[in-house]
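Let's take a friendly walk through this model, looking at how its helices meet and where charged side chains pair up.

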Amino acid sequence: MSQNVLGDSLRRLREKSGYTQQQIANVLNIDRSTYSYYELGKTSPDISTLLTLSGMFSVSLEELLGQETAGSVLHDSGPRLRKKESTNHSHIYDLKKDELQLIAYFRAATPQTKEKIMAAVHQITSEEKSKF
């Protein structure tokens, strides 16, 4: 597999998702320049980083690596199914930088960590509601 294919895929997915290189680097706990090298094809991420990136972008590893067929709408890669792109331009998708960063961290988390995050958010919002 060509590193340029991976780099192009990473850049396309990052821009489509509205993330900066720095935001992705923060989630991966690496320098921005290291992530930039992934997009430029100078270096390649290890498999655990690829798995994290596929989770962040909600795509299969095959799509991330540029190996998915163009006609595929649903791709069975375990629990994650790739959906047709939505053209919904609702205001809910106009996210601020910190909201995008939170989503990136959540998508990169393990299922157990996602459960903990959701439990913590539920607890915090319940406490806020009880104040009123």
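## Just after helix α2

N29 follows directly after α2 and takes a positive phi of about 60 degrees. Keep in mind that the model is predicted.

The helix before N29 is mostly covered, with 6 of the 8 residues of α2 buried. Those buried residues are Q21, Q23, I24, A25, V27 and L28.

## Where α2 meets α3

Helix α2 spans residues 21–28 and helix α3 residues 32–40; their axes come within 8 Å and cross at roughly 110 degrees. That crossing makes α2 roughly perpendicular to α3. On the α2 side, the contact is made by Q21, Q22, I24, A25 and L28, while α3 brings R32, Y35, S36 and E39. By type, the residues of this contact divide into 4 nonpolar, 3 polar and 2 charged.

## Salt bridges

Side chains of opposite charge can pair when their charged atoms come close. Here the count comes to 3 salt bridges. In one of them, the side chains of D8 and R11 meet at 2.9 Å, N to O. Both residues lie in helix α1 (residues 3–17), 3 residues apart, or about one turn of the helix. D8 is partly exposed at 40% relative accessible area, and R11 is also partly exposed, at 32%.

What does R14 pair with? R14 forms a salt bridge with E15, with the closest N and O atoms 3.9 Å apart. The side chains of R14 and E39 also meet in a salt bridge, at 2.5 Å, N to O. This second pair links distant parts of the chain, since R14 sits in helix α1 and E39 in helix α3, 25 residues apart. Both R14 and E39 are buried. Through shared partners, salt bridges join R14, E15 and E39 into one network.

Terms used: Residues numbered from 1 in each chain as written. Predicted model: local features only at pLDDT ≥ 70, side-chain atom pairs only at ≥ 80, totals over all residues. Heavy atoms only, no water. Axes fitted to C-alpha atoms, helices over the stretch in contact; angles between N-to-C directions. Helix = DSSP H or I, 4+ residues; strand = E, 2+ residues; numbered from the N terminus. Parallel < 35°, antiparallel > 145°, perpendicular 65-115°, else oblique. Contact = heavy atoms within 4.5 Å. Nonpolar A, V, L, I, M, F, W, Y, C, P; charged D, E, K, R; others polar. Buried < 20%, exposed > 50% of the residue type's maximum accessible area, 1.4 Å probe, protein only. Salt bridge = Lys/Arg side-chain N within 4 Å of Asp/Glu carboxyl O.
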